[in-house]
Amino acid sequence: MTETVPGPGDPVHGPPDPHGPPREDAAGAEFEAPMRLALAEARRAGEAGDVPVGAVVLDASGSVIGTGHNDRERTADPTGHAEIVAMRAAATALGSWRLDGCTLVVTLEPCTMCAGAAVQARVDRVVYGAVDLKAGAVGSLWDVVRDRRLNHRPEVIAEVLAGECGSLLTEFFAGRRVR
Ligand SMILES: [Zn+2]
């Protein structure tokens, strides 16, 4: 009997599932728990009438050191995006603007401002849920964090719990149209 190495599409594992987990799912699974915390933050924004986006910042050991959700309406602050709020909280907790070793976890692909802020904060990693094809700056419209001209380029893990993150937004905007 000859041993064969099973590969994709072989009779043992069957064909690759087109509806299967998104790319980078092995790396992404590790961040599902913090993404659920970010989702809880996003729901808080939605309840307050703001676009439901939530974020958490993890330190190098994986502990949550900052949380935030979209807060533009309440604070009348154009920079009141979930990522900014969470990174400010994390920086306050650490007593430093540098978030070396930290991971930003956010339910929606960051915009140019937040992607820029993540680079400025020197986070090690950006993990996001839903892709934002209209304004995303971490791979969709732009790729601000992985621009080769930058010295600091965080690692990116995309589409962690993307379905849940996206449907929260879809439901929010659908509800708005009904009103
Ligand atoms: Zn933003």
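The following exercises, with worked solutions, examine the sheet, the core and one annotated residue of a predicted model.

Local features here require a pLDDT of at least 70 and side-chain atom pairs count only at pLDDT 80 or more, while totals for chains, interfaces and linings use all residues. Residues are numbered from 1 along each chain as its sequence is written.

**Exercise 1. Determine the order of the strands in the sheet, and state which strands stand at its edges.**

Solution. Strands (E, at least two residues) and helices (H or I, at least four) are DSSP runs, numbered from the N terminus. Two strands pair if DSSP finds at least two bridges between them.

Step 1. The open sheet has five strands, in the order β2-β1-β3-β4-β5, and its pairing is mixed.

Step 2. β2 (64–69) and β5 (155–157) each have a single partner strand, so they stand at the edges and one side of each is left without a neighbour in the sheet.

Step 3. β5 runs parallel to β4 (residues 125–130), and three bridges join the two. Within this pair, R125 stands opposite E155 in β5.

**Exercise 2. Identify the residues with the most contacts inside the largest nonpolar core, and the element that gives the most to this core.**

Solution. A residue is buried if 20 or more other C-beta atoms lie within 10 Å of its own, exposed if 12 or fewer, and partly exposed in between; C-beta atoms are placed from the backbone. A nonpolar core is a set of buried Ala, Val, Leu, Ile, Met, Phe, Trp, Tyr and Cys residues joined through C-beta atoms within 7 Å.

Step 1. The largest core comprises 47 residues, and V57, L104 and V105 have the most contacts inside it.

Step 2. Several elements each supply at least two residues of this core, among them β3, α5 (112–120) and α6 (162–178).

Step 3. α4 gives the most, with six residues.

**Exercise 3. Locate E83 and establish whether E83 is buried or exposed.**

Solution.

Step 1. E83 lies in helix α4. An unreviewed UniProt entry places the feature "active site" at E83; such annotations may be inferred rather than shown by experiment, and feature names are shortened, with positions in the numbering used here.

Step 2. Because 33 other C-beta atoms lie within 10 Å, E83 is buried.

Step 3. Contact requires C-beta atoms, placed from the backbone, within 7 Å. Leaving aside neighbours within four places in sequence, the contacts of E83 include L104, C114, A117 and A118.

Step 4. C114, A115, A117 and A118 are the buried residues of α5, and these residues pack against α4, β3 and β4.

Terms used: Two residues are in contact if their C-beta atoms, placed from the backbone, lie within 7 Å.
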